[in-house]
Amino acid sequence: MLVEPILQSSVKQRLAFKFNQLETVTAMSETLPVIAILGGTGDLGTGLARRWAQAGYQVVIGSRTQEKAQVAADELAQLMVERGVEGVEVKAMENLAAAEAADIAAMTVPFAHQTSTLELVKHALDGKILIDVTVPLVPPKVARVQLPEQGSAGEIAQAVVGENVRVVSAFQNVAAHHLQEGQGMDCDVLVCGNKKDARSEVIKLVEAAGMRGFHGGSIANSAAADALTSVLIFINKQYSCHAGIKITGLDD
Ligand SMILES: NC(=O)c1ccc[n+]([C@@H]2O[C@H](COP(=O)([O-])OP(=O)(O)OC[C@H]3O[C@@H](n4cnc5c(N)ncnc54)[C@H](OP(=O)(O)O)[C@@H]3O)[C@@H](O)[C@H]2O)c1
C-alpha cells in the first residue's frame, strides 16, 4: 500500500509511452513542482532524487560543482531506464542555480555545512519551501543525542533563511539505504514547520516517495526527529539494520 504513489506514477508514465502519448508525461511533469536537491550528490540526496524522479517530478541535482552534479544526474537517469521508468526529467546545476530553478528545494548536506550552504542560496529561496533534511549529528559520537543550542537543525535553517522561506524539516529518520531502493518503505516521516500549508506540500512529497508523512507541529518540534536519528543510529549498530519509525494508534 505504501508504494502506491510511486507505482501509480510509473505505471502512468509507461502507459503514456506505450500509446505514444509523450505529451501526457510532459504535461504531468509540468503540473508538478520542480524539486532541487542541494547537496543532492550524497547518500540521502540521491535516494530522494530517485524517489521523486520515479514519481514523475522534475528533479534538479545540486552540488558545489557542476561536474559532480552532472555525474549524479546521469547516474539517476540511467537507473530510471534500468527500472523501466521513462520520461524522467533530471537536471544538474551548482547549488545556487539549483535553488533558483526550484519551486521547492530540499537540502541534504552534513550539519557542519548547513549554514554556509544556506547563506549561499537563501535569496534564491525567497517565497519558496525549503525541506531541511539536515540532522545535527556531531561526529564522532553520532549515536549520542547532541542537539544544538538553537534547538534543532530546522530552527537554525529558519533563522538563517528568514521568514520569507517556509522551512519544513523532514526525512531525518529515513535511512538513505532504503530510499535508494525502488520499492516502498515501511517507515513514517515526521514533518515539522511553522506553516501548515508548507507542511501539507511536503507531506505530498513524502507520499510520492512511498512513505506516510505526519504533521509534527512547529519547526521547534523537529528537535524530536533530530534526536531520534541518533537513537536510530544506535539501534542500527546494535541490531545490524536500517531502522525507521512508525506512528501507531491511527485507528483509535
Ligand atoms: N545518510 C542517511 O541515511 C541520512 C538519513 C537521514 C538524514 N540524513 C542527513 O542528511 C544530510 C545528508 O546526509 P548524507 O549521508 O547524504 O551526507 P553526505 O553523503 O556525507 O553529503 C551529502 C552532500 O553534501 C555535500 N557537501 C559535503 N561537504 C560539503 C561542504 N563543505 N559544503 C557544502 N556541501 C558539502 C556533498 O555534495 P557536493 O560535493 O556535490 O557538493 C555531499 O555529496 C545530513 O545532514 C544527514 O545527517 C542522512
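Colleague: At what angle do helix α6 (residues 114-121) and α7 pack, and how far apart are their axes?

Modeller: In this predicted model, the two helices pack at an angle of about 30 degrees, and their axes are 10 Å apart. Angles under 35 degrees count as roughly parallel, and α6 and α7 are therefore roughly parallel to each other. The crossing of α6 past α7 is right-handed.

Colleague: Which residues make the contact of α6 with α7?

Modeller: On the α6 side they are Q114, T115, L118 and E119, and α7 contributes A153, I156, A157, V160 and V161. Sorted by class, this contact has six nonpolar, two polar and one charged residues.

Colleague: How should the pair α3 and α4 be read, and at what angle do their axes cross?

Modeller: The axes of helix α3 (residues 43-54) and helix α4 (residues 66-82) come within 10 Å and cross at roughly 45 degrees. That angle makes α3 oblique to α4. Here too the handedness can be stated: α3 passes α4 in a right-handed crossing. The residues in contact are T46, A49, R50, A53 and Q54 from α3, together with A72, L76, L79 and M80 from α4. They divide into six nonpolar, two polar and one charged.

Colleague: Where does R83 lie, and which residues does it touch?

Modeller: R83 is in the loop between α4 and β3 (90-94). Leaving aside residues up to four places away in sequence, R83 touches Q54 and G182. Q54 also belongs to the contact of α3 with α4. As for G182, its C-alpha atom is separated from that of R83 by 7.8 Å, although the two residues are 99 residues apart along the chain.

Colleague: Why does R83 count as partly exposed?

Modeller: The reading rests on a count of neighbours: a residue is buried with 20 or more other C-beta atoms within 10 Å, and exposed with 12 or fewer. R83 has 14 C-beta neighbours inside 10 Å, and therefore counts as partly exposed.

Colleague: Which residues have a positive phi without being glycine?

Modeller: Two cases may be studied together. F171 has a phi near 70 degrees and is found in the loop between β6 (166-169) and α8 (176-179). S240 has a positive phi of about 50 degrees and lies in the segment after α10 (222-239).

Colleague: Are these residues buried or exposed?

Modeller: F171 counts as buried because it has 28 C-beta neighbours inside 10 Å. S240, with 7 such neighbours, counts as exposed.

Colleague: Which peptide bond is cis?

Modeller: The bond from P139 to P140 is cis, with omega near 5 degrees. P140 is placed in the loop between β5 (129-132) and α7 (153-161).

Colleague: How many residues has the largest nonpolar core, and which have the most contacts inside it?

Modeller: The largest nonpolar core has 68 residues, and those with the most contacts inside it are L38, W52, V59, I61, A105 and L130. L38 offers an example to follow: beyond residues up to four places away in sequence, its partners include G62, N95, A98, A105, M107 and V121.

Colleague: How many helices and strands does the protein have, and what share of its residues counts as buried?

Modeller: The protein has 10 helices and eight strands. Of its 252 residues, 45% count as buried. Among contacts with a separation of 6 or more, 74% join residues 24 or more positions apart.

Methods:
Residues are numbered from 1 along each chain as its sequence is written. This is a predicted model: local features need pLDDT of at least 70, side-chain atom pairs count only at pLDDT 80 or more; totals for chains, interfaces and linings use all residues. Axes are lines fitted to C-alpha atoms, for helices over the stretch in contact, and angles run from 0 to 180 degrees between N-to-C directions. Helices (H or I, at least four residues) and strands (E, at least two) are DSSP runs, numbered from the N terminus. Angles under 35 degrees count as roughly parallel, over 145 as roughly antiparallel, 65 to 115 as roughly perpendicular and the rest as oblique. A crossing is left-handed if the near helix is turned anticlockwise from the far one by less than a right angle, and right-handed if clockwise. Two residues are in contact if their C-beta atoms, placed from the backbone, lie within 7 Å. Ala, Val, Leu, Ile, Met, Phe, Trp, Tyr, Cys and Pro count as nonpolar, Asp, Glu, Lys and Arg as charged, and the others, Gly among them, as polar. A nonpolar core is a set of buried Ala, Val, Leu, Ile, Met, Phe, Trp, Tyr and Cys residues joined through C-beta atoms within 7 Å.
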